[in-house]
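Got a minute to go through this one together? Let's put the structure up and ask how each label is earned.

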Amino acid sequence: MNVSLTKAQFFLLLFIFQTGVVYIAFQTPLIIYSRNSSWLIFIVASVIHYGLLLFFERYHSYFYLNVFFRWVYQIYWLLLTAVFIAYMSYVLASWVLPQTPEWIVVVIIVALSLYANLSRPETAINIGVMLIPIIFLFVIFLMLAIPDLTWSNLFPIEWKNTKQIGAGLIHSIYAYFGIEMYLIYRPFLQKDLQVKGKPLLIYQLVIFVFYFISVLFTQMFFSVDEISLIPEPIMYILKSQEVTFVKRLDIFFVYIWLSWSIVTIMIFGLSFRILHFIKQKKHPTRSIIVYHILLAILPLFVIHFRSIEFIKNSLHYVFIFFTFLLPIVIIGWNKWRGKSVS
Amino acid sequence: MYRKELMIVMAVLLLAGCWDERLYKNSSVVTLVGIEGYVGAYRGYYAYPTTAAQETEIIEAEGISPREVRTKANLKVEQTLDLSELSTILVSDQTAREPIYDLLDIYFRNPQNPISIKMAITEGDVKPFVDLTKNIASSAGGYYQRFIESSEDNTYFPKIDLQAVGSMLFDQTIDIALPYFQLSEDKKHAVASGLALFSGPTYTGTVLSPAQSLMMLLLMNQNSKAARMSYLWKNDGKVNPITVDVLKVKRKWTVNEELRTIDMAYTIEVEVEEFANDHLYKKEIFQDVQQMIEEKVQAEFEDVLRILQNQKSDTLGIGRHIRAYHPKMFKGDWHAEFASLLLKPKVQVKIIRTGVLR
């Protein structure tokens, strides 16, 4: 596939991909397991993430995927996208569209992704630009909750409880899932551009601050025992804010989150295209349509409370494998064999 | 090529709105809810404005749970009750003796219900308090909401909404204190009578008077727009009233983990708002008045703290402070622990303004 990315496009793609879908919900499992120490454990997780980014930047040329691993990642992304669409539909049904049939919501999301992926790759790459101002609105309106925050919720820090730290780090992965996309899109960056050093650090700082604010606000807004009841804490904080221009601020932001998440789904589709069409294939449109038909069908099997809960309680293990372990193993294996991406 | 598909998607998008369209003109928009009873036998009151008669209609129903009460109330109205414009929830004091989260779950669970609303406890049945709003042309819930907000501005009630109540109910380290209403002697008005103290999820049965409520809020460092205290100053056999308004409260808690004591140092800066005796520019008068206020506030602080400890009601959030900064001292059963602490308030009052007179 013939794609050429600028630095801005590359990092925007990563940012939208990493933050979409999970931004409203990743705080809950983190705080359930890390309790008062969550914010500190999240800082540690962010440092680990930055270390991984540096590692990926240094060895990205060794991330060569053979046919088997290409299919592994394509199937993983297909299933993960289906799960995300199911979750998006579930959240919409819970918060704003309780009467609307879930399949309608799924079809709309998939149709938008199909449209973007039948177009030129630049459509999915650049569409995230329109989200930048509205994503900042999220943070700005979160600031309304500052008077309701309880600073003492950030303490005590239990730094000796290794089980708690481990569980917290593992659940922090929800925030930083999908970093394998760095390796997928890195070869498409324009040849003369450098990302190591300052650009990578700035990206890490931006995504860290964006997430860290949400962790701090969630931890200070809800009591530790209360948070286990709140699956989408950011939405709940926004719901509890009173503004004069709209009765329910949460509805406004559910739709912002939805559009943001739809772009994430589009980028998943684009990633699928990149791996699938790495070599020239016949009937590219048909493959994309089949991928999207599967996306429209698979989520319908899991849009209910028990399945969503099961997925939420186990997805971090899947992320650890596909986001961290497998890329490291592939890089190590190819480096040993001396095989790299041309 | 894709224009047709895009049009279809747009059409489907418009279609999706139809299922979840809710119009106020098709609903009875409830602004005030009153609830009394206990699990298995609740009675609820729903006040909503009628456009025709320009007055408030009140619907009463019974049920085994708060949600069933509402379901049954729907059988008595021509249009389904809609609580999205709810302003206030009133709960009878007897009902609040049971864990009140049972009443509130439906408000937190359903996103259509607002959670930035007010909540209050009534002395005795809720019904007469709801009935008071019958002749109010504007929102019945708005009446109590304004009432509560006005008392919040005068530092008689803490600034908390339903979300804060829910949050504190799940937090073992702080207790809630809710506005308490009584009926006036002629039964024609509601009277803000102080704060109903809770210990954990249940009402203790103790109500702080408005003056004690103000002291409690000063202890919490939550003085609002006005926090007025009036005393009688005696000098040369004459009695002079003096009223001061609290401008600023500074507090510092020092915890001694071994002795299990907390030194609670408060510096309260006030402005004199009423003192017909005048002559505050005279040093001896100024200091005598300042000391008299200091002693009174000191005594009232001690009194309020004694009540809170007797009721095991940690409305000040001392538990939060201890858990955060002295975790070794924090015990699981915080309420029992709180009652056994030695709390030593030390008040310093500073008159920093005297109005436009000396």
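What follows is a short back-and-forth about a predicted model.

Q: What makes the radius of gyration of chain A agree with that of a compact globule?
A: With 342 residues, a compact globule would come out near 20 Å, and chain A has 20 Å, so the two agree. The rule behind that is 2.2 Å times the number of residues to the power 0.38. As for extent, the C-alpha trace of chain A spans about 55 × 50 × 35 Å along its principal axes.

Q: What is the secondary structure of chain A, in helices and strands?
A: Chain A has 14 helices and zero strands. Read along the sequence, the pattern is α-α-α-α-α-α-α-α-α-α-α-α-α-α.

Q: How many of the residues in chain A, as a percentage, are called buried?
A: Buried residues make up 42% of the 342 in chain A. The label needs 20 or more other C-beta atoms within 10 Å of a residue's own.

Q: Among contacts in chain A between residues at least 6 apart in sequence, what percentage join residues at least 24 apart?
A: That's 86%. A pair gets into the count if the C-beta atoms lie within 7 Å.

Q: How many residues from each chain does the contact between chain A and chain B take?
A: Chain B puts in 24 residues and chain A 28. On the chain B side, the elements giving two or more residues are helix 1 (3-19), helix 6 (162-169) and helix 9 (318-325). Helix 1 of chain B gives the most, with seven residues.

Q: What makes up the side of chain B that touches chain A, by class?
A: There are 14 nonpolar, five polar and five charged residues on that side of chain B. Tyr and Cys count as nonpolar here, and Gly as polar.

Q: Where do the domains of chain B lie?
A: Domain 1 of chain B covers 24-208 and domain 2 covers 212-353. Their centres, taken over C-alpha atoms, are separated by 31 Å.

Q: How do you know that domain 1 and domain 2 of chain B are in contact, and how many residues are involved?
A: The cut-off is C-beta atoms within 7 Å, and 20 residues of domain 1 of chain B are in contact with 25 residues of domain 2. On the domain 1 side, helix 5 (140-153), strand 9 (190-199) and strand 10 (202-208) of chain B each supply at least two residues. Strand 9 of chain B gives the most, with five. By class, that side of domain 1 has eight nonpolar, nine polar and three charged residues.

Note on methods. Residues numbered from 1 in each chain as written. Chains lettered and ligands numbered in written order. Predicted model: local features only at pLDDT ≥ 70, side-chain atom pairs only at ≥ 80, totals over all residues. Contact = placed C-beta atoms within 7 Å. Helix = DSSP H or I, 4+ residues; strand = E, 2+ residues; numbered from the N terminus. Domains from an automatic or database assignment. Buried ≥ 20, exposed ≤ 12 C-beta atoms within 10 Å, placed from the backbone.
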